[in-house]
Amino acid sequence: MNGNTLYPSKDPIIMLAQEMRLRNLSAKSIKAYIFYNEEFLRFILKSPRDVCGQDIKNYLDYLFSSGRSSSTINLAINALKFYYSQIMHRKFFNDLTGIKRPKAEKKLPTVLSRAEIARMIDVEDNLKHKLMIQILYCSGMRVSELINLEIKDIDFDRKIINIRQGKGSKDRVTIVSQTVLENISMYLLDYTPLCFLFENFCAGQKMCTRTAQKVVCGAAMTAGIAKSVSAHTLRHTFATHLLENGVSIRYIQSLLGHARLETTQIYTKVATNKLSEIGDLL
């Protein structure tokens, strides 16, 4: 028996997936870690037991030279380190101190104007699709949170939405407007979903993320918006418009569910109310 493995009789990828589930990592993390570990093994053409530090260097060099983004490379490093250090208990990662993680690109978020949001909503004739855009914009929810939203989590009296097990498995509360609540009431009468607010063609089954993204992208295209728009753009826009309305950045942080204030502060760089205060130079 090889003392370097926890489950020597199992396929290494199955072992990795099982260990990640036991540690309660998200399905998204599990999928990403499996992908990069599988790609790594295809690249080096070795068994995990035969991997050495130079193999890691060669793979990372391949990622750099093929133009992968810094976030991709950092994710690959995390995936390999998790498997070989924490599961296989290999020591070679301790000797790779010369490898420096690439710095993440500092890109500003895409933010829509109020007029662009209105156009996206107006071009949608489908009540369900219209409501999805409205909720994403007026609550700042992630698309994953939207598709997991259950009817019982909408508090019509308090005008809030309870988000259960959002990113990082954390619960939080966010706001929703009276107009959107009235639209939700009409939608519930017309569509009569059983559990999730947005269900697919099978009653009781939630809509998939890809469908929700297509709704947002399709509305932006139909509205003639030239910017690159995704469901997350509406979350960025929600935060930026709140900041422009004078809402405390600490409160915005709470609504978004950000663990660190620094994450929320990115919106101070795109809020136009502060930029307009500078004035024109000519």
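This report describes charged side chains and cysteines in a predicted model.

Residues are numbered from 1 along each chain as its sequence is written. Local features need pLDDT of at least 70 and side-chain atom pairs count only at pLDDT 80 or more, while totals for chains, interfaces and linings use all residues, and side-chain values use heavy atoms, with hydrogens and water left out.

The structure holds ten salt bridges, each being a side-chain nitrogen of Lys or Arg within 4 Å of a carboxyl oxygen of Asp or Glu. Three of the pairs are listed below with their closest N to O distances.

| Salt bridge | N to O distance |
|---|---|
| Lysine 227 and glutamate 116 | 2.9 Å |
| Aspartate 153 and arginine 164 | 3.0 Å |
| Glutamate 262 and arginine 260 | 3.9 Å |

The pair of lysine 227 and glutamate 116 links distant parts of the chain, 111 residues apart, with lysine 227 in the loop between helix H9 (209–222) and helix H10 (231–244) and glutamate 116 in helix H5 (residues 114–122); helices are DSSP runs of H or I with at least four residues, strands are E runs of at least two, and both are numbered from the N terminus. Glutamate 116 is buried at 11% relative accessibility, whereas lysine 227 is partly exposed at 36%. Here buried means under 20% relative accessible area, exposed over 50%, and partly exposed in between (1.4 Å probe, protein chains only). Aspartate 153 is likewise buried, at 5%, and its partner arginine 164 is partly exposed at 49%. In addition, Arg142, Glu145 and Arg172 are linked in a network of salt bridges.

The structure holds zero disulfides (pairs of cysteine sulfur atoms within 2.5 Å). Cysteine 138 is buried at 15% relative accessible area, while cysteine 208 is partly exposed at 41%.
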